[in-house]
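Pull up a stool: these are my notes from an afternoon of looking things up. I went through strands, then helices, then rings.

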Amino acid sequence: MKLNIDGLLVYFPYEYVYPEQYTYMRELKQTLDAKGHGVLEMPSGTGKTTTILSLVVAYLREHPGKLQKLVYCTRTVPEMEKVLEEMRRLDEYYTRSEQTLGFVTVGLTSRKHMCVNPDVLKLREGKSVDAKCHSLTMGWIRQREGTDKCSWFEDFEERGKHSHLEPGVYSMDDLKNYGRVKGWCPYFLSRTAIYTANIVVFSYHYMLDPKIAELVTKNLTSQACIIFDEAHNIDNVCIDSMSLVITRKTLERAKDNITTIDNRVRDLKERDAQKLRDEYSKLVEGLRQAAEESENNTYMSNPVLPEDILRENVPGNIRNCQHFLAFMRRFVEYLKGVLKVQHVVSDTPASFLQNIHSTVCIERKPLRFVTQRLNSLMKTLEIQDMENFRPLSVIASFATLVSTYSKGFSIIIEPYDARTPSIYNPVLHFTCMDASIAIKPVFSRFQSTIITSGTLSPIDMYPRILDFRPVTTSSYSMTLARDCILPLIVSRGGDQVSISSRYETRDDIAVIRNYGNLLAEMAGVVPDGMVCFFTSYEYMDSVVSTWVNQGIMSNVQKHKLVFFETQNNAETNLALENYYRACDNGRGAVLLSVARGKVSEGIDFHGHYGRCVIMFGIPYVYTQSRVLRARLDYLREQYRIREQDFLTFDALRHASQCVGRVLRGKSDYGIMIFADKRYSRADKRGKIPRWIQDHLGDGVSSLATDEAVQMVKGFLRKMAQPFPQEAQIGLSMLTHEQVRKLEEKHEKEKRVEEEGDGYSDDMSE
């Protein structure tokens, strides 16, 4: 289908278009025209990915002088593959329409997923694969005779580095196959290709984590549109990328790292003192020249923007390598002393710097250059086993961060690790409290940035916590020819006892029994697959244990098999595999999961895999966490966001994300049950996405279990009736002719608006 979106010819690779897709394209085009940023919430299962790709690709073709690149950021590798598959479909549609798109689309992910060297792949773990790859591709190692080399990388450096991919869509598997045919390393091939490709698909971290962004995406053109898809948790990604944790074990291993480096320095002095003198001379000249070394020779990147420090020279007291190592010893010993606490200590970067200066005479300026100085020294020493030096790199990152940022960070030292509260094990949390710090370079550098997801409500919160001004903010309803979603708020059990996961009542036997009865009743009437979410792993374990003792689990198992999500990825993957199998063979299954877990974020339960989702309680975060308390205080002071407002926003976006797993298209159907009386309140319901709220009337906002069961039965009988696709045309699906009429209507409205503006101008004159 060809669409006219405000004068832009858009090729859409499907026979029909949803009304919300058409509206989304118009909003997105307005954002691109304004060269600004946007926040757009589109219902789950309505083709958001295809909509974005169709519009932006058309814009790239029509306005190459205004926009040159699309960077599509996803959370997971499976999501990345979906984007590439939709792009392949669009590319094929252009070909069928006798149009030559001529675009190169590439995906980029970690070495673990793209490596084809069998000697490296057998290590399996991501960090080990990275370390082995570094040891085979470092410049000085490759120059030595008799050392192991990666033939894939060597061939790429010799023949493939300056080559260009032919137009087309290259998924990870495509790049690996292409690399095998050519004999080139697929990872470095994609790393190089992202600069010349028209469309790039990769993880959030390549944009938001400064340590990765400096190495991978620093040279991308500013005339780019950045899409953050499924971005409901983008603030947490930003915060995690700028935060770190230091324990006594980290400090001990860092101390050992310093000793190892010192021994290598002494050895190098005896063998080749000139090498150390050359390094010193480079540092005198400044970091700018040192930073221009080959990217393959970089051990660790600076955790802050390079421009913040590259304008200056390394301070004289850490240029000499042995002076620098003595400086690092002093810093590590000081941190050891700081960790000797018997109670919780909170500090600011400014206060920390003042204390370290008065105690051990360490100044702020040399701390800022620690990461770059350590990187330079490790290059000079030609250290290969970089994974073993990770503890020292963590300390170096902390030194650079704490001396660079005076606001937006907090230092919290706790005598006990939350995982082992009865064992003395002090932990230093250097936590970022301001999500805007990590994403600010993206907003300021690139032409347009779009934050989008199916669960962004309340949509006005994101511009506040990310500190930017969008030119468009929109939340769309879902147009349906039949009501294929049934959201229900169950506030009490069959015995009329209120149900809630709030702390005061969560251990009440009556509440737990009513939750269990709700699950058992639904398992008896809902076919195929059901997914249930709890507020935490601890709460799930406690509730399920009580259900077993009450005989409720045996009632559930009469109807369906029961599987559990655990904190172990391998166990969860096995549970998911068997859950799907049980749904496929007609036995039916229940998957008990946790909000904020793997299942709630990256897994879709389309069709019979998810006919009903139950959200047991409201998934508030643990409010006694000192790290969270510090962030809440910061949001209140800096952005005037009240504590309860943010906590409710955070809990409801995760609850919405959980129940949204059940619907993956307009031909799909599912039941969403919010099992907590607090969902009935206006302040909670108002933060649920608009496309769910539209179906959440007063009649379904405070139900007992038996009432909910009756409504579910009626809904399932209705969904069992034949529903031809033709019934959706004109309502939830638009044909080309209907779209054309819609376009004419918009054109007419636009002319009337322009004439009105002209009349107003004449009157003012």
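**Entry 1: a ring out of sight.** I am working with a predicted model. I began with Phe-649 and asked whether this residue is buried or exposed. Phe-649 is buried, at a relative accessible area of 0%. I then looked up Tyr-462, which is buried too, with a relative accessible area of 0%.

**Entry 2: how those two rings meet.** Tyr-462 and Phe-649 make an edge-to-face aromatic pair, with 5.4 Å centre to centre and 80° between the planes. Tyr-462 sits in helix α22 (residues 461-465) and Phe-649 in helix α29 (residues 643-659), so their pairing ties together parts 187 residues apart in sequence.

**Entry 3: more rings.** I find 33 aromatic pairs in the structure. One of them joins Tyr-170 and Tyr-178, edge-to-face, at 6.2 Å centre to centre and with 80° between the planes. Tyr-170 is buried, having a relative accessible area of 11%, while Tyr-178 is partly exposed at 23%. I also noted a cluster, linked through ring pairs, of Phe-331, Tyr-334, Phe-352, Phe-398, Tyr-405, Phe-409 and Phe-430.

**Entry 4: two helices crossing.** Phe-331 of that cluster took me to helix α16, where Phe-331 is listed in the contact with α20. How do the axes of α16 and α20 cross? The axes of α16 (residues 321-338) and α20 (residues 390-404) come within 11 Å and cross at roughly 85°. That makes α16 roughly perpendicular to α20. On the α16 side I wrote down Met-328, Phe-331, Val-332 and Leu-335; they meet Leu-392, Ile-395, Phe-398 and Ala-399 in α20. My tally for this contact is eight nonpolar residues, no polar and no charged.

**Entry 5: the sheet.** Next I traced an open sheet of seven strands, with parallel pairing, in the order β17-β18-β16-β19-β20-β15-β21. Why do β17 and β21 each have one side without a neighbour in the sheet? β17 (561-564) and β21 (703-704) stand at the edges and have a single partner strand each, so one side of each stays without a neighbour there.

**Entry 6: inside the sheet and across it.** I looked more carefully at β19 (residues 612-616) and β20 (residues 670-675), which run parallel and are joined by five bridges. Val-613 has Met-672 in β20 as its bridge partner. Last, I checked helix α32 (residues 705-719): this helix lies across β15 (485-492), β20 and β21, and runs at about 170° to β15.

Conventions. Residues numbered from 1 in each chain as written. Predicted model: local features only at pLDDT ≥ 70, side-chain atom pairs only at ≥ 80, totals over all residues. Heavy atoms only, no water. Pairing = 2+ DSSP bridges. Helix = DSSP H or I, 4+ residues; strand = E, 2+ residues; numbered from the N terminus. Contact = heavy atoms within 4.5 Å. Axes fitted to C-alpha atoms, helices over the stretch in contact; angles between N-to-C directions. Parallel < 35°, antiparallel > 145°, perpendicular 65-115°, else oblique. Nonpolar A, V, L, I, M, F, W, Y, C, P; charged D, E, K, R; others polar. Phe/Tyr/Trp six-rings, centres within 6.5 Å; stacked < 30°, edge-to-face > 60°. Buried < 20%, exposed > 50% of the residue type's maximum accessible area, 1.4 Å probe, protein only.
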